[in-house]
Amino acid sequence: MTDAVADYDVVILGAGVNGAGLFRELTLQGLACLIVDKGDYGSGTSAAPSRLIHGGIKYLETGEFRLVAQSTLERNLLLRNAPHCVEPLATFIPSFSLMKGVTASLRTLFGSTTAPRSRGAILIKIGLALYDFYGSRQRVMPKHRFFFRRQAMKEIPVITPKIVAGGIYYDAKICRPERLVYELVADGIAAEPRSKALNNATLEHRDGGVLTFRAADGGLHRARPTVVVNGAGPWIDQANAALGVETRLIGGTKGSHIVIDHPELIKALDGRMIYFEADDGRICLVYDHLGLALVGSTDIKAANPDSVRIEDDEIDYFIGALAALLPGLSFSRDSIVYAYSGIRPLPASDAANPGLISRDHSAPVIEPSGDRPFPILSLVGGKWTTFRGFAEEVCDTLLTRLGRARRLSTRDLAIGGGRAYPAEGEAKRRWIAERARASGLAEAKVADLLFRFGTTADRVIAHIAATGGDRPLAHVRGVSAGEIDYIARNEQVVHLADIVLRRTTLAIEGLLTTEGLAELADIAAGALNWSAERRAEELAAVTARLTTVNRMRL
C-alpha cells in the first residue's frame, strides 16, 4: 500500500484494442499515461471479434462512406504494420437473386431503420465496385472479380445450386487479436518510461481528482490525471458511474462464433471466406482460422457484457445456416472445438434492426464538474480495423487540450512482433536459418516461434536457449516449456487464463486437454511462485471457463 500520488497526463480505463491503441498513440507523443483494466489486456470485447480486419463493405448500405474509407485504409495499413498476425483474406460473397435489395438500400440511405435486408447480384456488384474505390489508398490487394452461377459453382462446388451470382473481393484476417492488444500496451510502455499499465486492477474510488486502483497483488496505486479516457467498451456507462457521472452511451449487440474441426469444409473454402446472407437476412461468415473453420456471427441486441455467452439456439442457427449454404457437406455439434461470444460496444440506438446500428466511433466529452477537476472522454463504438485511426483522432484532441504537439505519426509504424518482420519467402528462410544456427534450435521450431510471436521470437529464442527450455510439452502439441515460461515471466501474466486464452491461441485451436492444462499450470506456478493452493485455484478457474463459456471438451 502506498500514499504517494503519481501524476499522469492521461489515465485510460479499459485495455481493449481501443484503449491499448490510444495508450500507444499517446505515449509515442511523450505523454505520461496510465492504462488500467479490471481483467487482462484484451480480455473483454476485443477477445470476441470475428477476427477480421475488414473495410466494412456492409457499411456501404447504411451510407457510412467515411467509415468505409477509413476502414479500408486502416486495413491496408495493418497488413503492413502487423504482418506477423494480419494477412489477406480472399472473400466469396454469394447472391441468390438479381434485383432484390435495391429499393430497400435506397430507403436505408435516406434514413430508414426498418428496411429489410436482402442483397441481389446487382446491389452486390455495385457495392464491390464502390469497395474497390474506397480501398484504393495504400492498396495492397487485387480488385474484385464478379461472375454468374456457372463460374460460382466452379469456385465452390459444394455451394447451394440456388446461387445466382457471386463475387470475390479481398479483406484481411487477424490470427492473434488478443496478443496484438498486449503488444500495443508493451509498445506504449517501451515508448514512455513514465507510463504504467495495470491489468486485473480495479478502481476503488475517486477522491476529488485522485483515482485509487487496487492492483492484482493487492497493492494500491493512486493516480492524479489531467484527463481521463473511458475505453471500457460495453462497460463504459458503468465506468462513468464509478467516476460519479451517469451516462447512457452504449447499446450493444451480441456477436457469437463457433470454431469447428471440419477438414472437408476447409478444403472447400480453399483459403477463402464465404460472407453470406442467411435466410433471415443476417450476415454470417465462415473461413479458415488456424486450420479450423470459424463461423459467425449473430447480431442480437444484448445489454450485459458480464453474462454474455453463446446459447444453444445460436449454435443451431449456425449449423442450419451452413447446411443451407453448403448442402454438399454435413454439419453437427460434435465438430465444435471452441465457442465464444461478446458484446459489440455500439452507440445507444433505438433502431429496430440491430444490423443498422452505426459501427462508427465517437469520443464525447464530459467536462469537469463539482469536485471532479478532470474531463472524461468516452470511446464509443469503434472496431478492430479502425483502432489506430480512432486513436489518432482522440490523441490529436487530447494533445490540443494539453497544449502539446504531435511528435510522430503511427500510420507507418510497425506493431510489436511486426517490426522488421521477414515477410518475403527468402528473407523469412534466412531469418529462420540464422536464428537456428545461433541458438541450436531446430529450424522448424524457430519457424513456429516466428509464426506465433513475430520478431519478438528473438527474445523467446534467447530465453529458451539460456534456460534449456526446448523440451516439448507432453500433452500440448507443438509447444515447448521454454516459450510458456517466457510468457509467464515477461508478459504481465496474472492468471493461467491469460496464457491459454490471450498470450497464445491454444484454447481457440482446441489444443487443450485436462493433462495439458495441468502441465501449463505447473510451468506458470514455477515462474510466478504460485503455492499449491493458488495453482489448484487457477487450474479450476480456467477449466470451468473453457468447459462452460467456451464449450470445450477437455
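**View 1. D40 and R502 form a salt bridge, with their closest N and O atoms 2.7 Å apart.** A salt bridge here is a side-chain nitrogen of Lys or Arg within 4 Å of a carboxyl oxygen of Asp or Glu. D40 sits in the loop between β2 (33-36) and β3 (52-53), while R502 belongs to helix α15 (residues 496-503), so this pair ties together parts that are 462 residues apart in sequence. Helices (H or I, at least four residues) and strands (E, at least two) are DSSP runs, numbered from the N terminus. D40 is buried, at 2% relative accessible area, and R502 counts as buried too, at 8%. Buried means under 20% relative accessible area, exposed means over 50%, and partly exposed is in between (1.4 Å probe, protein chains only).

A quick note before the other views: this is a predicted model, in which local features need pLDDT of at least 70 and side-chain atom pairs count only at pLDDT 80 or more, while totals for chains, interfaces and linings use all residues. Residues are numbered from 1 along each chain as its sequence is written, and side-chain values use heavy atoms, with hydrogens and water left out.

**View 2. R75 pairs up with D171 in another salt bridge, the closest N and O atoms being 2.8 Å apart.** R75 is in helix α2 (residues 65-81) and D171 is in strand β6 (residues 165-174), so the pair ties together parts that are 96 residues apart in sequence. Both R75 and D171 are buried.

**View 3. E392 and R388 make a salt bridge inside one helix, α10 (residues 387-402).** Their closest N and O atoms are 3.2 Å apart. The two residues are 4 apart in sequence, about one turn of the helix, and both E392 and R388 are buried. Elsewhere, D40, D498, R502 and R503 are joined into one network by salt bridges that share partners. A search of the whole structure turns up 35 salt bridges.

**View 4. Here is the largest nonpolar core, with 68 residues.** A nonpolar core is a set of buried Ala, Val, Leu, Ile, Met, Phe, Trp, Tyr and Cys residues joined through side-chain atoms within 4.5 Å. Y338, L512, L520 and L546 have the most contacts inside this core. Helix α16 (residues 514-528) supplies the largest share, 7 residues. Zoom in on Y338 and, leaving aside its neighbours within four places in sequence, you'll find it in contact (heavy atoms within 4.5 Å) with I258, V259, L501, A507, I508, L546, N550 and M552. A second, separate core has 42 residues, including V17, F23, Y41 and C175.

**View 5. C395 is a cysteine that is in no disulfide.** The nearest cysteine sulfur belongs to C33, 8.5 Å away; a disulfide is a pair of cysteine sulfur atoms within 2.5 Å. C395 counts as buried, at 0% relative accessibility, and C284 counts as buried as well, at 1%. Searching the whole structure gives 0 disulfides.

**View 6. F65, I122, I126 and L130 make a nonpolar surface patch of about 300 Å².** Patches are made of residues with over 30% relative accessible area and no salt bridge; like charges are joined within 9 Å, and nonpolar side chains (Val, Leu, Ile, Met, Phe, Trp, Tyr) within 5 Å. Accessible areas come from the Shrake-Rupley method with a 1.4 Å probe; for residues, only the protein chains shown count as cover. Helix α4 (residues 121-134) gives the most to the patch, with 3 residues. L130 is found in helix α4 and is partly exposed, with a relative accessible area of 32%.
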